[in-house]
Amino acid sequence: FSAPTTTFEMKLPQGARKVTDFESNVYRLCSKVPAGKVTTYSEIAAALASSARAVGQALRRNPFAPTVPCHRVVAADFKLGGFFGQSAKQSTEVQRKRQILIEEGVDFTDKETVNKKSFHAIDTSLRLPVTKGKKKK
């Protein structure tokens with residue numbers, strides 16, 4: 001058995017700001033959600049002893065999209081939530097999030113709600129304590 005790493009290692013795009021340790025852990029957990037499934041902001045937050053809002057802010061700043069599939073994270077009520085900083089249901093970006101999820105095989109109960117059978121729980125062995133606010137070197 002080897003302990004999971006505490007950081008997500010991926011080369012930053014040129015000109016991107018450095019990510020914090022917290023953001024790195026959010027991206028690592030988000031990367032574990034397979035195509036055709038979703039998790040929630042609160043599920044990732046619970047794994048990191050944080051808040052859903054903090055997870056949403058980290059995903060809003062995701063410099064690794066679509067490799068880190070932030071579109072696979074939805075609100076606790078299985079509504080789509082935001083995407084690329086937009087949160088209005090009819091915004092272009094939220095509609096794009098919906099379309100990407102449909103193309104990946106995620107089932108919807110209506111235009112804005114993911115079917116709960118598409119839920120992917122975060123593996124508890126991946127849950128790690130996080131140091132908040134420190135920039136990754």
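# Exercises on salt bridges and nonpolar cores

Glu-112 has a relative accessible area of 23% and is partly exposed; buried means under 20% relative accessible area, exposed over 50%, and partly exposed in between (1.4 Å probe, protein chains only). The model is predicted, so local features need pLDDT of at least 70 and side-chain atom pairs count only at pLDDT 80 or more, while totals for chains, interfaces and linings use all residues. Residues are numbered from 1 along each chain as its sequence is written, and side-chain values use heavy atoms, with hydrogens and water left out.

**Exercise 1.** Determine which residue forms a salt bridge with Glu-112.

*Solution.*
Step 1. A salt bridge is a side-chain nitrogen of Lys or Arg within 4 Å of a carboxyl oxygen of Asp or Glu.
Step 2. The partner of Glu-112 is Lys-79, with 3.8 Å from N to O.
Step 3. Lys-79 belongs to the loop between β2 and α4, and Glu-112 to the loop between β3 and β4 (113-114), so the pair ties together parts 33 residues apart in sequence. Helices (H or I, at least four residues) and strands (E, at least two) are DSSP runs, numbered from the N terminus.
Step 4. Lys-79, at 29% relative accessibility, is partly exposed.

**Exercise 2.** State how the side chains of Arg-61 and Glu-23 meet, and whether Glu-23 is buried or exposed.

*Solution.*
Step 1. The two side chains form a salt bridge of 2.8 Å, N to O.
Step 2. Arg-61 lies in the loop between α3 (52-60) and β2 (73-74), whereas Glu-23 lies in helix α1 (residues 21-30), so this pair ties together parts that are 38 residues apart in sequence.
Step 3. Glu-23 is buried, at 1% relative accessible area, while Arg-61 is partly exposed at 40%.
Step 4. A network of salt bridges links Arg-17, Glu-23 and Arg-61.

**Exercise 3.** Identify the residues that touch the most other members of the largest nonpolar core, and the helix that gives the most to this core.

*Solution.*
Step 1. A nonpolar core is a set of buried Ala, Val, Leu, Ile, Met, Phe, Trp, Tyr and Cys residues joined through side-chain atoms within 4.5 Å.
Step 2. The largest such core has 20 residues, of which Val-26, Tyr-27, Ile-44, Val-55 and Leu-59 touch the most other members.
Step 3. At least two residues of this core come from each of α1, α2 (41-47) and α3.
Step 4. The most is given by α1, with 5 residues.
Step 5. Another core, of 9 residues, lies apart from this one; among its residues are Val-38, Val-94, Val-106 and Phe-108.
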